[in-house]
Amino acid sequence: MAKWIVLAVGLLLMANGFYTRTYDFPNETPVRYCFNMDYVGIDGCFHKAAVPTLMALVPFLIGVGLVIWSIFRAMGSSRQRSDAR
């Protein structure tokens with residue numbers, strides 16, 4: 001059951017990464033760099049350009065990692081079942 005939950009969380013994080021926008025307001029002083037996660041409704045603005053980029057990429061990369069880990073875990077458990085026969 002836990003492997004299905006991990007897979008679902010990974011897929012949701014990955015899908016959330018597809019719908020994350022980053023943008024800036026260059027005419028304001030100081031310049032604001034913002035992100036908006038449309039899928040879950042989280043947004044925020046910062047004064048450094050790297051933070052919104054990280055906020056957009058990190059959940060997507062964690063989701064990809066969880067999906068890959070779930071695939072390898074499933075492959076390993078199917079090998080153990082076939083070896084036991």
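Here is a short conversation about a predicted model and its disulfide. Residues are numbered from 1 along each chain as its sequence is written. In this predicted model, local features need pLDDT of at least 70, side-chain atom pairs count only at pLDDT 80 or more, totals for chains, interfaces and linings use all residues, and side-chain values use heavy atoms, with hydrogens and water left out.

Reader: What makes Cys34 and Cys45 a disulfide?

Author: A disulfide is a pair of cysteine sulfur atoms within 2.5 Å. The sulfur atoms of Cys34 and Cys45 are 2.0 Å apart, so they form one. A search of the whole structure finds one disulfide.

Reader: Why is the disulfide of Cys34 and Cys45 called right-handed or left-handed?

Author: The torsion about its S-S bond is about 105 degrees, so the disulfide is right-handed.

Reader: Why is Cys34 called buried or exposed?

Author: Buried means under 20% relative accessible area, exposed over 50%, and partly exposed in between (1.4 Å probe, protein chains only). Cys34 has 0% relative accessibility, so Cys34 counts as buried.

Reader: And what does Cys45 count as?

Author: At 37% relative accessibility, Cys45 falls in between, so Cys45 counts as partly exposed.

Reader: How do you know whether the chain is spread out or compact?

Author: The radius of gyration is taken over C-alpha atoms, and the globule rule is 2.2 Å times the number of residues to the power 0.38. For 85 residues the rule gives 12 Å, and the chain has 18 Å, well over that, so the chain is more spread out than a compact globule. Its C-alpha atoms fill a box of roughly 70 × 20 × 15 Å, taken along the principal axes.
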